[in-house]
Amino acid sequence: MGKIISLLNHKGGVGKTTSAINIGAGLVELGKKVLLIDLDPQANLSLSLGIPRQPNTIYEALRGESELEPYTVREGLDVVMSTLDLSGAEMELINEAGREYILKELFEPVKDDYDFIIIDCPPSLGLLTLNALGASDYVYIPLQTQFLALQGLAKIKQVVDKVKFRLNKKLEIGGVIATMYDSRKILNRDVVDTIRKYFGEKVFDTLIRDNVALAEAPSQRKDIFYYNASSIGAQDYMSLCKEILTRLEVEEQV
Ligand SMILES: Nc1ncnc2c1ncn2[C@@H]1O[C@H](COP(=O)(O)OP(=O)(O)O)[C@@H](O)[C@H]1O
Ligand SMILES: [Mg+2]
């Protein structure tokens with residue numbers, strides 16, 4: 001398969017990093033080989049999985065100083081880490097020819113080694129995010145099921161459409177992930193209805209519920225399946241991973 005997926009939303013705190021980690025780890029549980037790319041200078045993904053500082057990070061690779069050098073967390077799960085240095089990359093690469101395609105080029109030699117490459121995007125729509133979209137097959141949009149979840153979504157759609165037109169014809173919004181869902185709150189239920197009206201079939205049936213284990217796992221430097229495999233968070237992300245695989249199988253048949 002070898003699918004490349006970007007977790008995208010220019011808002012912070014919507015569940016991009018949590019989803020990148022736990023979709024990645026869930027797919028590994030299902031026997032897939034996964035590479036996670038931390039493309040956020042905040043390095044939350046790298047910190048959440050306790051990746052030891054590597055000599056070469058995504059920053060050096062984007063600058064052309066190294067290849068991608070993944071760190072193996074465990075069998076099937078590799079990570080290319082980020083550091084705060086990456087915050088300078090957008091400025092530093094601005095005059096580079098083909099600057100939107102650097103990540104795509106870096107993936108060429110490694111992409112056949114993996115079933116999935118999952119990119120955790122920064123909360124912005126700048127050059128780093130354009131690199132992610134230029135290299136991706138699918139965009140997954142995590143949306144917090146709260147008031148204002150849909151605010152700014154027109155912007156995301158616009159950016160995806162532009163990238164599709166100018167940089168990457170095969171790019172598709174592959175799914176919308178409703179996160180931090182609390183069924184006791186009427187507001188949350190209303191927001192999910194609104195998200196479904198806006199995105200239709202794109203919205204995954206699995207709702208990622210609000211679950212404290214998902215928020216605790218990073219402090220133990222673990223994904224949800226190693227932190228608490230019986231938690232609601234683990235159940236939800238496993239269900240989402242199965243849905244992702246089914247959806248991709250269906251798409252490949254048509
Ligand atoms: N389903 C969830 N239930 C409870 N807490 C969550 C859930 N998903 C994410 N969180 C917490 O919410 C915060 C923001 O999530 P995060 O994945 O870092 O968002 P983003 O990467 O979009 O900024 C983090 O502290 C994370 O642990
Ligand atoms: Mg994040």
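This is a guided tour of the structure, going from the whole chain to its sheet, then to one loop residue and the surroundings of the ligand.

**The whole chain**

Begin with the full chain in view, and keep in mind that this is a predicted model. A cartoon representation will show 11 helices and seven strands. The radius of gyration is 17 Å, close to the 18 Å that the globule rule gives for 254 residues, so the chain is as compact as a globular protein of that length. If you draw a box along the principal axes, the C-alpha atoms fill roughly 50 × 40 × 35 Å. Colouring by burial would mark 46% of the 254 residues as buried. A contact map adds to this picture, since residues 24 or more positions apart account for 76% of the contacts with a separation of 6 or more.

**The sheet as a whole**

Next, hide the helices and select the strands, seven of which form an open sheet in the order β3-β4-β2-β5-β1-β6-β7, with mixed pairing. Strands β3 (71-74) and β7 (172-179) stand at the edges with a single partner strand each, so one side of each is left without a neighbour in the sheet. Looking across the sheet, you will find a twist that averages 25 degrees from one strand to the next.

**From the β3 edge inward**

Select β3 together with β4, and you will see two strands that run antiparallel and are joined by three bridges. One residue pair to label here is T72, which stands opposite D78 in β4. Two residues lie between the strands of this hairpin, and G76 takes a positive phi near 95 degrees.

Now show the side chains of β4 (residues 77-80), where L77 and V79 point one way while D78 and V80 point the other way, and all are buried. In a regular strand the side chains alternate between the two faces of the sheet. Moving on from β4, add β2, which runs parallel to β4 and is joined to it by four bridges. Within that pairing, the bridge partner of I37 is V80 in β4.

The next step takes in β2 (residues 34-38) and β5 (residues 116-120), which pair in the parallel sense over five bridges. To see one of these bridges, select D38, whose partner in β5 is D120.

**Strand β1 and its two neighbours**

Now select β1 (residues 3-7): five of its five residues are buried, so this strand is largely enclosed by the rest of the structure. With side chains shown, K3, I5 and L7 point one way from β1, whereas I4 and S6 point the other way.

On one flank, β1 pairs with β5 in the parallel sense over five bridges, and here I4 stands opposite I117 in β5. Three bridges join β1 to β6 (residues 138-144), and these two strands also run parallel. In that second pairing, the bridge partner of S6 is V139 in β6.

**Out to the β7 edge**

Continue from β6 to β7, and you will find a parallel pairing over seven bridges. Select Y138 to locate one of them, because its bridge partner in β7 is E172 by the DSSP pairing of strands. How many of the eight residues of β7 are buried? Six of them are, so β7 is largely enclosed by the rest of the structure, although β7 stands at an edge of the sheet.

**A stop at K111**

Leave the sheet for a moment and select K111, whose place is in the loop between α5 (102-107) and β5. Is K111 buried or partly exposed? With 16 C-beta neighbours inside 10 Å, K111 counts as partly exposed. Setting aside residues up to four places away in sequence, K111 touches G2 and I117, and I117 was met above as the residue opposite I4. For a distance to check in the viewer, take K111 and L130, which are 19 residues apart in sequence and 19 Å apart in space, C-alpha to C-alpha.

**The surroundings of ligand 1**

Finally, centre the view on ligand 1 and show the 17 residues around it, of which K16, T17, T18, L214 and A215 come nearest. The elements that give two or more residues to this shell are α1 (16-29) and α9 (212-216). Of these, α1 gives the most to the shell, with three residues. Colouring the shell by residue class then divides it into seven nonpolar, eight polar and two charged residues.

Notes
Residues are numbered from 1 along each chain as its sequence is written. Chains are lettered from A and ligands numbered from 1 in the order in which they are written. This is a predicted model: local features need pLDDT of at least 70, side-chain atom pairs count only at pLDDT 80 or more; totals for chains, interfaces and linings use all residues. A residue is near a molecule or strand if its C-beta atom, placed from the backbone, lies within 6 Å of it. Ala, Val, Leu, Ile, Met, Phe, Trp, Tyr, Cys and Pro count as nonpolar, Asp, Glu, Lys and Arg as charged, and the others, Gly among them, as polar. Axes are lines fitted to C-alpha atoms, for helices over the stretch in contact, and angles run from 0 to 180 degrees between N-to-C directions. A residue is buried if 20 or more other C-beta atoms lie within 10 Å of its own, exposed if 12 or fewer, and partly exposed in between; C-beta atoms are placed from the backbone. The radius of gyration is taken over C-alpha atoms; the globule rule is 2.2 Å times the number of residues to the power 0.38. Two residues are in contact if their C-beta atoms, placed from the backbone, lie within 7 Å.
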